[in-house]
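Grab a coffee and open the viewer. Below are a few short exercises, each with a solution worked step by step.

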Amino acid sequence: MSGGTRALWYTIQIVTQPLKVFFDVDHTILLSTSDGGWHLRPGLREVFQSVKDMGHAVYLWTASGKLHAQRVTETYGLSDLVTDCFDKDGNNWLLPDLVVDDDWFLVEKYSGVLVSQYREVNLQDRELYLLLDYLKDGRLPQVGA
Ligand SMILES: [Mg+2]
């Protein structure tokens with residue numbers, strides 16, 4: 001498949017079916033500092049809202065447990081945008097169509113968007129918007145680009 005054909009294929013897939021988009025929590029959408037502080041990655045609410053407006057569904061999942069994801073959802077008032085939260089323990093009744101994660105292994109497994117680890121507060125960070133490029137035109141972000 002040529003690059004153009006592949007892009008078209010992704011576009012058709014993405015336009016024709018609602019996707020279950022699973023976001024990792026730690027170092028993907030959230031930075032937890034050693035003093036116990038939480039910092040949400042910039043653009044999160046806007047990206048979640050855009051995903052929802054496109055007809056897709058947002059889920060959170062994390063190896064830190066479902067409760068952690070639920071706390072993040074409640075703390076930042078995201079309940080209107082997050083459909084559900086899961087533990088990454090492999091026992092979920094629902095699996096992702098694509099993921100946003102700082103772990104390449106899961107991105108390879110499910111497809112989706114690999115983001116850099118969010119390890120320090122950076123208000124200029126725009127990594128989460130890579131997902132919108134992916135959903136809008138099937139453009140696969142280049143790892144390390
Ligand atoms: Mg992570």
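**Exercise 1. Count the helices and strands, then put them in order.**

Solution. The chain has five helices and seven strands. Here helices (H or I, at least four residues) and strands (E, at least two) are DSSP runs, numbered from the N terminus. Now walk along from the N terminus: the elements run α-β-β-β-α-β-α-β-β-α-β-α.

Some housekeeping: this is a predicted model, where local features need pLDDT of at least 70 and side-chain atom pairs count only at pLDDT 80 or more, while totals for chains, interfaces and linings use all residues. Residues are numbered from 1 along each chain as its sequence is written.

**Exercise 2. Trace the strand pairing, starting from strand 4.**

Solution. Two strands pair if DSSP finds at least two bridges between them.

- Step 1: strand 4 runs parallel to strand 5, with five bridges joining them; T62 sits opposite D87 of strand 5. To get from strand 4 to strand 5 the chain passes through helix 3, in a right-handed β-α-β crossover. Right-handed means that, with the strands pointing away from the viewer, the path from the first strand over the helix to the second runs clockwise.
- Step 2: strand 4 is also joined to strand 1 by five bridges, again parallel, and D24 stands opposite W61 in strand 4.
- Step 3: strand 1 pairs with strand 6, parallel, over three bridges. F23 has V100 as its bridge partner in strand 6.
- Step 4: strand 6 and strand 7 run parallel, joined by three bridges, and D101 is partnered by L114 in strand 7. The chain gets from strand 6 to strand 7 through helix 4 (residues 104-110), and this β-α-β crossover is right-handed.

**Exercise 3. Are the two faces of strand 6 covered or open?**

Solution. Call a residue buried if 20 or more other C-beta atoms, placed from the backbone, lie within 10 Å of its own. Take one side: L98 and V100 are buried. Flip to the other: V99 and D101 are buried too, so both faces are covered.

**Exercise 4. Find the largest nonpolar core and look around L60.**

Solution. A nonpolar core is a set of buried Ala, Val, Leu, Ile, Met, Phe, Trp, Tyr and Cys residues joined through C-beta atoms within 7 Å. The largest one has 28 residues, and V21, F23, L60, V100, V113 and L131 have the most contacts inside it. Helix 5 gives the largest share, four residues. Now zoom in: leaving out residues up to four places away in sequence, L60 touches F23, V25, A69, V72, T73, V82 and C85. Touching means contact, with C-beta atoms within 7 Å.

How values were computed
A residue is buried if 20 or more other C-beta atoms lie within 10 Å of its own, exposed if 12 or fewer, and partly exposed in between; C-beta atoms are placed from the backbone. Two residues are in contact if their C-beta atoms, placed from the backbone, lie within 7 Å.
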